[in-house]
Amino acid sequence: MLLSLPRRTILRWTAVLMLAFGLIWVFFLDTHSIMHRVELHQQHQEVRAENERLRIQIENLREQLEDPLSDETIERIAREEYGMQYPGETVHRIE
């Protein structure tokens with residue numbers, strides 16, 4: 001059957017099949033495929049967003065270091081959150 005077709009038609013169909021195979025290979029099968037690149041781009045965007053979030057958190061922590069807590073604030077936190085007390089002192093909690 002292939003022999004009965006004109007040579008030009010056979011070449012044309014061969015070129016179309018090779019092109020289709022090449023496109024399928026580039027889009028899905030190659031290690032540098034477009035699908036893989038899209039996945040990498042999404043991961044890159046997620047990492048950039050995480051970096052920005054961490055950069056903001058670092059800046060907030062640096063600002064906290066520049067403004068240290070007062071002694072009264074430290075004592076309040078120690079008493080309320082950690083239940084600390086002075087030696088010989090009795091603390092009665094009222095809830």
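1. In this predicted model, helix α1 is the element that gives the most to a nonpolar patch on the surface, contributing nine residues. The patch is formed by Leu19, Phe21, Leu23, Ile24, Trp25, Val26, Phe27, Phe28, Leu29, Ile34, Met35 and Val38, which together have about 1200 Å² of accessible area. Two elements, α1 (7-29) and α2, give two or more residues to this nonpolar patch.

2. Ile24, one of the residues in the nonpolar patch, is found in helix α1. Its relative accessible area is 45%, and Ile24 is therefore partly exposed, because that class covers values between the 20% limit for buried and the 50% limit for exposed.

3. A patch of another kind, one of negative charge, is also found on the surface, where Glu59, Glu63, Glu66 and Asp67 gather. Among them, Glu66 lies in helix α2, which covers residues 34-66. With a relative accessible area of 62%, Glu66 is exposed, because a residue counts as exposed when this value is over 50%.

4. The length of helix α3 (residues 71-82) can be checked against expectation: at 1.5 Å a residue, its twelve residues should span 16 Å, and the C-alpha atoms at its ends are 16 Å apart, so the two values agree. The expected span is obtained by multiplying 1.5 Å by one less than the number of residues.

5. Beyond the end of helix α3, the residue that follows is Gly83, and the phi angle of Gly83 is positive, near 65°.

Terms used
Residues numbered from 1 in each chain as written. Predicted model: local features only at pLDDT ≥ 70, side-chain atom pairs only at ≥ 80, totals over all residues. Heavy atoms only, no water. Patch = residues over 30% accessible without salt bridge, like charges linked within 9 Å, V, L, I, M, F, W, Y side chains within 5 Å. Areas by Shrake-Rupley, 256 points an atom, 1.4 Å probe, with all protein chains shown as cover. Salt bridge = Lys/Arg side-chain N within 4 Å of Asp/Glu carboxyl O. Lys, Arg positive; Asp, Glu negative; His and termini not counted. Charge placed at Lys NZ, Arg CZ, Asp CG, Glu CD. Helix = DSSP H or I, 4+ residues; strand = E, 2+ residues; numbered from the N terminus. Buried < 20%, exposed > 50% of the residue type's maximum accessible area, 1.4 Å probe, protein only.
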